[in-house]
Amino acid sequence: MNAFIPTPRFLPVEQRKFGAGWGRGRRAPGRAGLLCFGLFWLVVGAQAQPATPPVGTPGLTADYYRGYFYDALGFFTANAPAVSNRPVEQLNFAEAETDNFGVGPVATYHSPGNPDEFSGRFQGQLYVTTAGPHTFYLGSDDAAYLFLDDNPQPVASNQGDTFPFRETPGSYTLAAGLHTLRVLYGEHGGSQGLVLQYDGPGMPKQLVPNGVLYSQPQGPIRPVLTQFEAVAHNQQVDLSWATTAEENSVAFVVQKSTDGVVFTELLRQPGAAPGPNSYAAVDPNPANGRNYYRLQQLRSDRPPVYSPIKAVEIVPVPYVVSVYPVPNNGNFFIQVQPAAIQSGTLELQDITGRRMYRQRLELRNGAAQQVRPNLATGMYILYFTTEAGTLVQKMLLGG
Ligand SMILES: [Ca+2]
Ligand SMILES: [Ca+2]
C-alpha cells in the first residue's frame with residue numbers, strides 16, 4: 001500500500017474532482033463531437049455504418065478425432081471429426097491422467113479417466129487489443145501446432161510424442177483487431193494436456209482469456225471488448241475500455257491484484273446494450289510496485305468473460321520537504337512530495353524553545369505554499385509535521 005494515502009476511496013466523479021470514479025460515453029452512429037463526463041473525455045467521430053455483423057461468441061470451438069495425428073497436419077482434413085464444434089472457453093487443459101478434454105470413447109484407447117490416441121482441432125478468432133509484438137507460449141503433451149492469420153508456418157509448435165508436457169514460445173507481431181487462430185493437437189499415450197498463454201504490450205504472460213477469443217473461425221463479427229488499458233498517472237492508475245457490442249451485458253467489474261493471481265473487485269459499472277460504448281475509471285490508491293488489472297464482464301446469457309490482464313508499475317515517490325529560499329526576507333515557501341500528502345503543520349520556535357508561530361498548511365497536490373510568519377529577524381527551529389513524518393531544521397529568517 002502507498003503509505004502516504006490514508007484510506008482507499010472510490011467516490012463518484014461529481015463528489016470529488018480528483019477522486020476515483022467511473023464514467024461511460026456512448027457513441028451514436030453518424031454523430032461527431034466531444035462528450036465530457038467529469039473526469040472522462042471521449043472524442044467521437046463520424047463513422048460509416050456497414051451492414052451489422054453478428055456479435056462474436058466468446059471462446060473457441062473444438063473438433064475431436066479418433067486416433068493420433070503423428071504430426072501429419074493433413075490428418076485433420078482427411079478424417080471426419082467424431083465430435084464437432086464443441087465450445088471451449090480457452091485452451092487451459094492442464095496436464096493430467098484424467099479425461100481433462102472430456103473426449104471419452106472418442107479416444108481409440110480409453111478406460112474411464114484415461115484416454116489415449118485422440119486428436120483435436122481448436123479454431124476461432126483472436127482479438128488483439130494492443131498492436132505490437134506478442135509471444136505465444138504453446139504447452140502440450142503430446143504434439144501441438146499454433147497457426148495465426150492462416151499462415152502456413154506455425155507460430156509455435158511441439159513436434160513428436162517422446163516428451164512430457166513441454167512449453168514452446170513463438171513471437172509474432174500483431175495488428176490490433178481480429179486474427180484467425182487454429183491449434184492442432186494430439187494425444188498419443190500417457191498423460192495429456194494443452195495450454196495456450198501469451199504476453200504482449202502492457203500484458204504479462206497469461207492464459208489467453210475467453211474475452212479475446214471468438215468461436216467463429218472466420219467471417220465478420222462484432223467483438224465485444226476492443227480495448228482495455230491501464231496507465232500510471234500521478235501515482236494513480238487510469239483505466240479505460242471500449243466495446244463495439246454489448247448484448248446481454250449486465251455489468252463490467254474492474255478487478256485488481258498485486259500478484260497477478262488473486263484478483264479482488266475494485267469497482268463495477270453497469271453494461272449498456274447495444275454499444276458501442278467507451279468507459280473510464282481511476283484507481284486512486286494503487287500499491288507501490290506492480291499492479292495488475294483485468295475486466296470481468298458479467299452477462300445474462302453465459303458465464304463471465306474476462307479481458308487480458310494489464311500490468312502497471314507504480315514507482316514510489318520519496319518523501320521530500322523543501323523549505324526555501326535561503327536567505328529569505330522573512331517569508332518563505334514549503335513544498336512537499338509526494339503530492340498525495342494533503343496537509344501539514346508548521347511550527348517555529350526560537351532558540352530557547354518557545355513556540356513563536358504555528359500554522360496548518362493545505363498542500364494542494366504538491367504546489368509550493370508561501371508562509372508569512374511576520375517574526376523578528378533571527379535564528380529559529382522549524383518543525384514541519386505531516387502524516388509521513390516531522391522535519392526539524394534550523395532556519396534563519398530575514399537574514
Ligand atoms: Ca492419455
Ligand atoms: Ca501423452
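Modeller: A strand here is a DSSP run of E, at least two residues long, and strands are numbered from the N terminus. By that naming, Pro338 sits in the loop between S27 and strand S28 (343–350). Keep in mind that this is a predicted model.

Biologist: What makes the peptide bond from Gln337 to Pro338 stand out?

Modeller: Its omega is near 0°, and the bond is cis. Most peptide bonds are trans. A second cis bond joins Tyr324 and Pro325, with omega about 0°. Pro325 is in the loop between strand S26 (320–324) and strand S27 (332–337).

Biologist: How many helices and strands does the protein chain have?

Modeller: One helix and 32 strands.

Biologist: Why is Gly170 called buried, exposed or partly exposed?

Modeller: Count the C-beta atoms: Gly170 has 17 others within 10 Å. Buried takes 20 or more and exposed means 12 or fewer, so Gly170, with its 17, comes out partly exposed. Gly170 belongs to strand S13 (residues 166–174).

Biologist: How do you know which residues Gly170 is in contact with, beyond its neighbours within four places in sequence?

Modeller: The test is C-beta atoms within 7 Å. Gly170 has such contacts with Thr135, Phe136, Leu138, Leu146, Val155 and Ala156. Take Leu138: it is 32 residues from Gly170 in sequence, yet their C-alpha atoms are 8.0 Å apart.

Biologist: What makes the phi of Asn234 worth a look?

Modeller: Most residues other than glycine have a negative phi. Asn234 isn't a glycine, but its phi is positive, about 55°. Asn234 lies in the loop between strand S18 (225–233) and strand S19 (236–243). Asn365 also has a positive phi, near 55°, without being glycine, and sits in the loop between strand S29 (355–362) and strand S30 (369–371).

Biologist: Why is Asn365 put in its exposure class?

Modeller: Exposed stops at 12 and buried starts at 20; Asn365 has 13 C-beta neighbours inside 10 Å, so it counts as partly exposed. Asn234 has 14 other C-beta atoms within 10 Å, so it is partly exposed too.

Biologist: How much of the protein chain is buried?

Modeller: Buried residues are 34% of the 399.

Biologist: How do you know where pLDDT is under 50?

Modeller: By reading the predictor's confidence along the chain: the average pLDDT is 87, and 87% of the residues score at least 70. Over residues 1–22, though, pLDDT is below 50, with 44 contacts in the model beyond near neighbours in sequence. Residues 25–48 also stay under 50, with 38 contacts beyond four places in sequence. Where pLDDT is low, predicted coordinates should not be read in detail.

Conventions: Residues are numbered from 1 along each chain as its sequence is written. Chains are lettered from A and ligands numbered from 1 in the order in which they are written. This is a predicted model: local features need pLDDT of at least 70, side-chain atom pairs count only at pLDDT 80 or more; totals for chains, interfaces and linings use all residues. Helices (H or I, at least four residues) and strands (E, at least two) are DSSP runs, numbered from the N terminus. pLDDT is the predictor's confidence in each residue, from 0 to 100. Two residues are in contact if their C-beta atoms, placed from the backbone, lie within 7 Å.
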